[in-house]
Amino acid sequence: MEIKIENLTKAYGDFKAVDNMNLNIADGELVGLLGPSGCGKSTTLFMLAGLNDPTSGHIYFGGKDVTKVAPEDREIGLVFQNYALYPHMTVADNIMFPLINRKVPKAEARERAQEMAKLVQLDHLMDRKPKALSGGQQQRVAIARALVKKPEVLLLDEPLSNLDAKLRVETREEIRRIQQEVGITTFFVTHDQEEAMSISDRIAVMEKGVVQQFEVPQKMYLNPGNLFVAQFLGTPQINIFDVTVKDGKIMCGDVVLREGCKAADGNYKAGVRPEAFNVSENGILVKATHVRMTGRELQLRVALAKEELRVLVHSDMQVSVGTEFCVTIRDNQILLFDQTGKTVGKY
């Protein structure tokens, strides 16, 4: 089912938690809503679920205006970050609960619950209670319970925030598998950019109630629309530093980073991702000020002019604090931002 969000606003007095949001989510698409705490992500999801009333704007499910439709009549499945499973019930009874509530015959409810449990690969644990399950298994029970009603839309609020690092990776892959197998339109909220980028068809990045960019993850990462998006995406974080453009040269202090730049002369913020540097025999001379081994990579901090930049190199490079070496910056990997933070070009 297609979701259309049109001029959606939620205000609390003078404070706008969500400010004039417009998004179109295609049928069967998995969209991640990403942003820092307090940016309006959960407020948006609760408006889609019907748990919060918008101050203005409209929400359409499959062309139908559901802005004032009650939550139980929206054909949604909702999964909260704390799972909200009933501790005294078995896995089977937890999954069946929405059907029993709708007075579906018990035999049919049990059969449908078994189908959902098989989908989430928990059909061998139907007689267990939540306390006997891992966090990832509990989350999958919550997803099965949300899907057993055969909703048109699945809404997930920070679905992995209570899991440890290993389980987060495993469970997010499970969510993607389940979503693709069912083909359900899914909207999920997270503050974890790696999580959003790894499983979403598209992501929307929010700041202070405003959608900053809505795009395919790779395109957004490579072509951020503004300084906020560039800084929010990527680990390690992008390098942001002051540069001057003069006569087609991008200068960091007295160091020429790039020639042939078509931006107007002036002062800019530059953004260069740590992986955009190549170690070379000739180029920009830098000095290592910090070296950290992470496995396949070394995370370096290097001094360049008056800046200290993050650089990723292969772990077989022999480097220690104080080592000097030359780097070049790959083509089209220097982002320039104007004084308002808007991206003006890649060089």
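Biologist: Which residue is the bridge partner of Cys252 in β13?
Modeller: This is a predicted model, by the way. Strand β13 covers residues 255-258 and runs antiparallel to β12, with three bridges joining the two. The partner of Cys252 in β13 is Val255.

Biologist: And which residue in the turn between β12 and β13 has a positive phi?
Modeller: These two strands make a hairpin, and two residues sit between them. In that turn, phi is positive, at about 65 degrees, for Gly253.

Biologist: How many bridges pair β11 with β12?
Modeller: Strand β11 takes in residues 239-246 and β12 residues 249-252. Across this pair, Lys246 faces Lys249. The two strands are antiparallel, and the number of bridges is three.

Biologist: What phi does Asp247 have in the turn of that hairpin?
Modeller: Two residues lie between β11 and β12, which form a hairpin. Asp247 belongs to that turn, and its phi is positive, at about 55 degrees.

Biologist: Moving to the sheet of four strands, which strands stand at its edges?
Modeller: This is an open sheet with antiparallel pairing, in the order β2-β1-β4-β5. An edge strand here has a single partner, so one of its sides is left without a neighbour in the sheet. That fits residues 15-25 and residues 64-65, which are β2 and β5.

Biologist: Which residue stands opposite Lys64 of β5?
Modeller: β5 is joined to β4, residues 56-61, by two bridges, and the two strands run antiparallel. Opposite Lys64 you'll find Phe61.

Biologist: How many of the residues of α1 are buried?
Modeller: Helix α1, residues 41-49, lies across β1, β2 and β4, at about 120 degrees to β1. Its buried residues include Leu45, Met47 and Leu48, and Lys41 is buried too. The helix is mostly covered, and of its nine residues the buried ones number seven.

Biologist: Which residue just after α1 has a positive phi?
Modeller: α1 covers residues 41-49. Right after the helix, a positive phi of about 90 degrees turns up at Gly50.

Biologist: Now the sheet of six strands: why is one side of β6 and of β10 left without a neighbour?
Modeller: The sheet is open, with mixed pairing, and its order is β6-β7-β8-β3-β9-β10. β6 (76-79) and β10 (210-215) are at its edges, so each is left with a single partner strand. As for the turn between neighbouring strands in this sheet, ignoring direction, the average is 15 degrees. The reason you asked for is that each of those two edge strands has a single partner strand.

Biologist: What is the bridge partner of Leu78 in β7?
Modeller: β6 pairs with β7, residues 153-157, in the parallel sense, over four bridges. Within that pair, Leu78 is partnered by Leu155.

Biologist: Which helix packs on this sheet, touching β6 and β7?
Modeller: Its direction makes about 165 degrees with that of β6. The helix is α4.

Biologist: Which residues touch the most other members of the largest nonpolar core?
Modeller: In soluble globular proteins, nonpolar side chains tend to be buried together. The largest core here has 46 residues, and helix α4 (residues 135-147) supplies the largest share, six of them. Leu147, for one, touches Met116, Leu119, Leu154, Ile178, Val182 and Ile184, leaving out residues up to four places away in sequence. The members with the most such contacts are Ile95, Leu147 and Leu233.

Biologist: How many residues are in the second, separate core?
Modeller: Among its members are Leu298, Leu304, Val311 and Phe325. The residues in that core number 31.

Biologist: Which helix gives the most to the lining of the largest cavity?
Modeller: One cavity of 30 Å³ or more is counted, and the largest holds about 30 Å³ of space. Its lining is made up of Arg112, Glu115, Met116, Leu147, Val148 and Lys150. Three lining residues come from the helix of residues 106-119, which is α3.

Biologist: Is Gly234 buried or exposed?
Modeller: Gly234 is in the loop between α8 (227-232) and β11. Beyond residues up to four places away in sequence, Gly234 touches Gln193, Tyr221 and Arg273. Buried means under 20% relative accessible area. The relative accessible area of Gly234 is 10%, so this residue is buried.

Biologist: What distance separates the C-alpha atoms of Gly234 and Arg301?
Modeller: Along the chain, the two are 67 residues apart. Between their C-alpha atoms, the separation is 16 Å.

Conventions. Residues numbered from 1 in each chain as written. Predicted model: local features only at pLDDT ≥ 70, side-chain atom pairs only at ≥ 80, totals over all residues. Heavy atoms only, no water. Pairing = 2+ DSSP bridges. Core = buried A, V, L, I, M, F, W, Y, C linked by side-chain atoms within 4.5 Å. Buried < 20%, exposed > 50% of the residue type's maximum accessible area, 1.4 Å probe, protein only. Contact = heavy atoms within 4.5 Å. Axes fitted to C-alpha atoms, helices over the stretch in contact; angles between N-to-C directions. 1 Å grid on protein atoms, 1.4 Å probe; cavity = no way out; pocket = protein on both sides within 12 Å on 5 of 7 lines; lining within 4 Å. Points joined across faces, edges and corners; volume = space filled by probe spheres on them.
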